[in-house]
Amino acid sequence: MVDLQSGAWTKAFKDGAFVRKQSEFRDVIVEGGLFPPEDNRYHLYVSHACPWAHRTLLARLLLGLEKRITYDVVDWRMEPDGSWTFNPDEPGATADSLNGERSLEGVYNRAFEGWTHSGKVGTVPVLWDKQLNTIVNNESREIIRMFDAMASAGLGNGSTLCPEPLKADIDAMIDANYESVNNGVYKSGFARTQSAYDSAVHALFNRLDELEAHMEGRHWLVGDGSGVLTEADLCLFTTLVRFDLVYVVHFKCNLKRIIDYPNLSGFLERMLALPGVRDTCDWHHIKAHYFWSHESLNPYRIIPAGPAVGPHSTAP
Ligand SMILES: N[C@@H](CCC(=O)N[C@@H](CS)C(=O)NCC(=O)O)C(=O)O
């Protein structure tokens, strides 16, 4: 769909409500398949700003796959048409060390001839196969599940983020949070009618209220007792950790802040205390990206000073 404001392919809307595009590459890493679990075969393209891409870096870290899967990071500036570029001069970003492309679109073109002319825009994360030189998958939820399969195949640190007996509960929790929370912040922010905004923002806070109650006495979202760390926690974390920093102001998600929810704040702190997790959070990339990239929401690209409180309060 062509965006009538910019003339470019950007976002799809239905009755003023933002509709997220489906990911196009949906192959799987599986033993005996075209893409088997193998050391140093797969490469991630991520943005540190992006909550979906952040999930994949967290799974890579927590499953002990850092030495098995390489990655590159795009610049935090997303162009008005939704495209990403590589900029090794930008702190925290890299060149495309694998394919030498200047933009992520170039990577998509390598996997899908004519991508540029297809009217589509390449999203992050991208999981690339260095052997067959193509994209395996560009859907975060599926990528983290495949990383678990790689870890189970003996490439990881022996842990799992998706224990078989909890799989149904994990999927149900991820599903329950997807439309209302993960996508809900975008639906609130990109809404083009009052009613689209109202319904997104209330669904979002209703679900956050439910999650706050659910987390009473628990450490993690799923599992008996205080729960066990799973994919469901990663998927919620990457949205919540951006919430007070960006979504409250930029996406008008301002009925409450995460810091106003004691149990959800505790959950954030617990996630951030896991070894290496804080290092996956680039507050500057996150904040600068949103306030700079969505010109229609913030035409002068002014980056707000706050918040003065919260885990990211040391952000410049
Ligand atoms: N469903 C995808 C969503 C990925 C996504 O939308 N990524 C955003 C960055 S946060 C992107 O690359 N957007 C570029 C665009 O839509 O043009 C996933 O979970 O992996």
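A residue is counted as buried if 20 or more other C-beta atoms lie within 10 Å of its own, with C-beta atoms placed from the backbone. By this criterion, buried residues account for 41% of the 316 residues in the chain. The structure described here is a predicted model.

The chain comprises nine helices and six strands. Its radius of gyration is 19 Å, close to the 20 Å given by the globule rule for 316 residues, so the chain is as compact as a globular protein of that length. Along the principal axes, the C-alpha atoms fill a box of roughly 50 × 50 × 35 Å. Of the contacts between residues at least 6 apart in sequence, 64% join residues at least 24 apart.

The domain assignment divides the chain into domain 1 (12-155) and domain 2 (164-293). The C-alpha centres of domain 1 and domain 2 are 22 Å apart, and 23 residues of domain 1 are in contact with 29 residues of domain 2. On the side of domain 1 that touches domain 2, the elements giving two or more residues are β2 (17-19), α1 (51-62) and α3 (140-155). Helix α1 gives the most to this side, with eight residues. By class, the residues on this side of domain 1 are 13 nonpolar, four polar and six charged.

The largest nonpolar core contains 84 residues, of which Y45, V46, V124, F147 and L264 touch the most other members. Helix α7 gives the most to this core, contributing twelve residues. At least three residues of the core are drawn from each of domain 1 and domain 2. The surroundings of V46 were examined further. When neighbours within four places in sequence are left aside, V46 is in contact with A53, T56, L57, Y71, V73, V124 and P125. V124, listed among these contacts of V46, is also one of the core residues that touch the most other members.

V124 and P125 recur in the shell around the ligand. The other residues of this shell are S23, S47, C50, W52, G82, V121, T123, E139, S140 and R141. By class, the ligand shell has five nonpolar, five polar and two charged residues.

Helix α7 (231-250) also serves as the packing partner for the buried residues of α9. In α9, which spans residues 283-293, the buried residues are H285, I286, K287, A288, H289 and Y290.

Key: Residues numbered from 1 in each chain as written. Predicted model: local features only at pLDDT ≥ 70, side-chain atom pairs only at ≥ 80, totals over all residues. Near = placed C-beta within 6 Å. Nonpolar A, V, L, I, M, F, W, Y, C, P; charged D, E, K, R; others polar. Buried ≥ 20, exposed ≤ 12 C-beta atoms within 10 Å, placed from the backbone. Helix = DSSP H or I, 4+ residues; strand = E, 2+ residues; numbered from the N terminus. Contact = placed C-beta atoms within 7 Å. Core = buried A, V, L, I, M, F, W, Y, C linked by C-beta atoms within 7 Å. Domains from an automatic or database assignment. Rg over C-alpha atoms; globule rule 2.2 N^0.38 Å.
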